[in-house]
Number of protein chains: 2
Amino acid sequence: MMSEDSIKEYLRERALKATPIRVGLLSLLSERESAIPYSEIQENLKSFDRVTLYRTLNALIDGGIVHKASTSGDETYYALCSQKCSKHCHKHEHIHFKCTACHEVSCVHIEQAIKISIPNFQIEEVSVEVKGVCDKCCK
Amino acid sequence: MMSEDSIKEYLRERALKATPIRVGLLSLLSERESAIPYSEIQENLKSFDRVTLYRTLNALIDGGIVHKASTSGDETYYALCSQKCSKHCHKHEHIHFKCTACHEVSCVHIEQAIKISIPNFQIEEVSVEVKGVCDKCCK
DNA sequence: TTTTCAAATGCAACAATGTTGCATCAAAAA
DNA sequence: TTTTTGATGCAACATTGTTGCATTTGAAAA
Ligand SMILES: [Mn+2]
Ligand SMILES: [Mn+2]
Ligand SMILES: [Zn+2]
Ligand SMILES: [Zn+2]
């Protein structure tokens with residue numbers, strides 16, 4: 001949950017104009033804990049043109065503020081990056097979890113570092129998507 | 001690489017009619033080591049209707065013969081399942097690797113079992129997608 | 001071999017996602 | 001306040017994926 005002012009500041013810090021759709025998108029993403037599917041974002045920002053929304057998403061992904069949290073399949077989900085991300089370093093040390101009960105997709109930090117090694121392959125990036133039941137739905 | 005006859009037999013074993021597009025799709029998939037993106041499959045089977053291709057892909061996925069090897073993002077890739085898969089058990093103990101040099105997507109078996117645990121979450125399925133440089137492109 | 005019929009196909013139509021070009025507009029700097 | 005670069009809206013387009021329905025065909029039964 002970020003205030004409108006801190007969102008505007010955050011954008012300008014990263015050399016992005018603080019336009020209404022950008023502020024709207026970032027407040028939407030910041031007021032949720034989970035990632036949001038494209039269709040729902042569009043629904044929430046339907047006063048803006050769909051093309052502009054796509055350009056906005058891409059601009060913010062480019063700027064290291066937003067990332068896709070796809071979870072293989074149907075819809076594309078979007079979530080806020082940690083403040084550590086930037087245009088030039090856009091790495092995530094978390095997994096994406098899709099709950100089969102509530103269907104929420106969330107970014108989850110895990111303790112164990114995932115180390116994959118394959119003989120004669122050079123590993124650059126590992127992404128892990130997990131399905132299961134989230135803590136809220138478990139209890 | 002499977003012969004046309006063994007493909008037909010394989011389909012009938014799983015209660016699927018051995019139609020031309022199914023045989024065509026399976027020979028295409030079996031003559032490659034890597035997964036194939038949808039667009040390329042369509043290009044190779046363009047004598048068939050696009051709708052039929054989609055229905056074929058779904059039927060074979062349903063039957064435990066083919067699986068998606070998505071590798072987060074743009075295109076959907078398809079690959080043959082191991083012969084162990086079936087309609088009712090469709091599990092894969094391998095990762096999907098996308099080479100940033102040759103852009104091939106492949107199913108790669110790894111030795112280490114990936115164990116993810118998150119406190120208070122129930123894990124059902126873990127899928128791992130890795131980017132890097134494949135063995136062919138490394139040497 | 002011929003008959004039969006459920007299953008598979010092709011076609012038309014549709015919906016959703018995503019992209020590009022271009023004229024206009026506005027945020028932030030000068 | 002003016003300037004100007006970058007952001008927006010609109011039209012048009014491409015691709016992916018789905019559904020309904022009439023027609024055809026694979027494979028089993030007769
Ligand atoms: Mn994430
Ligand atoms: Mn695979
Ligand atoms: Zn849940
Ligand atoms: Zn390669």
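These are my notebook entries on the metal sites and the DNA-facing surface of this structure, which is a predicted model.

**Entry 1. Confidence**

I looked up the confidence of chain A before reading any site. Its mean pLDDT is 92, and 100% of its residues reach 70 or more. Among the elements of chain A, I found the lowest mean, 92, in helix H1 (residues 4–13). The highest mean, 97, belongs to helix H3 (residues 38–44) of chain A.

**Entry 2. Zinc ion (ligand 3), chain A**

I asked which atoms bind the zinc ion (ligand 3). I found four sulfur donors, the SG atoms of Cys99(A), Cys102(A), Cys134(A) and Cys137(A), at 2.2 to 2.4 Å from the ion. The angles among these four donor atoms run from 103 to 118°, and the site is tetrahedral. For reference, I noted that the ideal angle for four tetrahedral donors is 109.5 degrees.

Along the sequence, I read the donor spacing of the zinc ion (ligand 3) as C-x2-C-x31-C-x2-C. Within this set, Cys99(A) and Cys137(A) link distant parts of the chain, being 38 residues apart. I placed Cys99(A) in strand S4 (residues 94–99) of chain A and Cys137(A) in helix H5 (residues 135–138) of chain A.

I then checked the accessibility of this pair. Cys99(A) is buried because its relative accessibility is 1%. Cys137(A) has a relative accessible area of 31%, so I recorded it as partly exposed.

**Entry 3. Zinc ion (ligand 4), chain B**

I repeated the search for the zinc ion (ligand 4). Its donors are the SG atoms of Cys99(B), Cys102(B), Cys134(B) and Cys137(B), at 2.2 to 2.4 Å. I recorded the arrangement as tetrahedral because the four donor atoms subtend angles of 102 to 117°. The spacing of the donor residues of this ion in sequence is C-x2-C-x31-C-x2-C.

Is Cys99(B) buried or exposed? With a relative accessible area of 0%, Cys99(B) is buried. Cys102(B), by contrast, is partly exposed, since its relative accessible area is 33%.

**Entry 4. Manganese ion (ligand 2), chain B**

I listed the donors of the manganese ion (ligand 2) as the NE2 atoms of His67(B), His94(B) and His96(B), together with SG of Cys107(B), at 2.0 to 2.3 Å. They follow the spacing H-x26-H-x1-H-x10-C. His67(B), in strand S2 (residues 66–68) of chain B, and His96(B), in strand S4 (residues 94–99) of chain B, connect distant parts of the chain, 29 residues apart. I found both His67(B) and His96(B) buried.

**Entry 5. Surface near DNA strand D**

I counted 22 residues around DNA strand D, the closest being Thr19(A), Ile21(A), Arg55(A), Ala18(B) and Tyr54(B). Of the atoms of DNA strand D that come within 4 Å of the protein, 56% belong to sugar and phosphate. By class, I sorted the residues of this surface into nine charged, seven nonpolar and six polar.

I asked which helices supply at least two residues each to this surface. They are helix H2 (20–30) and helix H4 (50–62) of chain A, with helix H3 (38–44) and helix H4 (50–62) of chain B. H4(B) gives the largest share, five residues.

Finally, I looked up contacts to phosphate oxygens of DNA strand D. A polar side-chain atom of Thr52(A) lies 2.9 Å from one such oxygen. For Tyr54(B), an N or O atom of the side chain is 3.0 Å from a phosphate oxygen. Asp49(A) makes its approach through a polar backbone atom, at 3.4 Å.

Note on methods. Residues are numbered from 1 along each chain as its sequence is written. Chains are lettered from A and ligands numbered from 1 in the order in which they are written. This is a predicted model: local features need pLDDT of at least 70, side-chain atom pairs count only at pLDDT 80 or more; totals for chains, interfaces and linings use all residues. Side-chain values use heavy atoms; hydrogens and water are left out. Donors are N, O and S atoms within 2.8 Å of the metal (3.2 Å for Na, K and Ca); water is not among the atoms, so sites may look incomplete. Four donors count as tetrahedral if all angles lie between 85 and 135 degrees; four count as square planar and six as octahedral if opposite donors are over 155 degrees apart and all others between 65 and 115; anything else is irregular. Helices (H or I, at least four residues) and strands (E, at least two) are DSSP runs, numbered from the N terminus. Buried means under 20% relative accessible area, exposed over 50%, partly exposed in between (1.4 Å probe, protein chains only). A residue is near a molecule or strand if one of its heavy atoms lies within 4 Å of it. A polar contact is a pair of N or O atoms within 3.5 Å; within protein, one must be able to donate a hydrogen and the other to accept it, and residues adjacent in sequence count only if both atoms are side-chain atoms. Ala, Val, Leu, Ile, Met, Phe, Trp, Tyr, Cys and Pro count as nonpolar, Asp, Glu, Lys and Arg as charged, and the others, Gly among them, as polar. pLDDT is the predictor's confidence in each residue, from 0 to 100.
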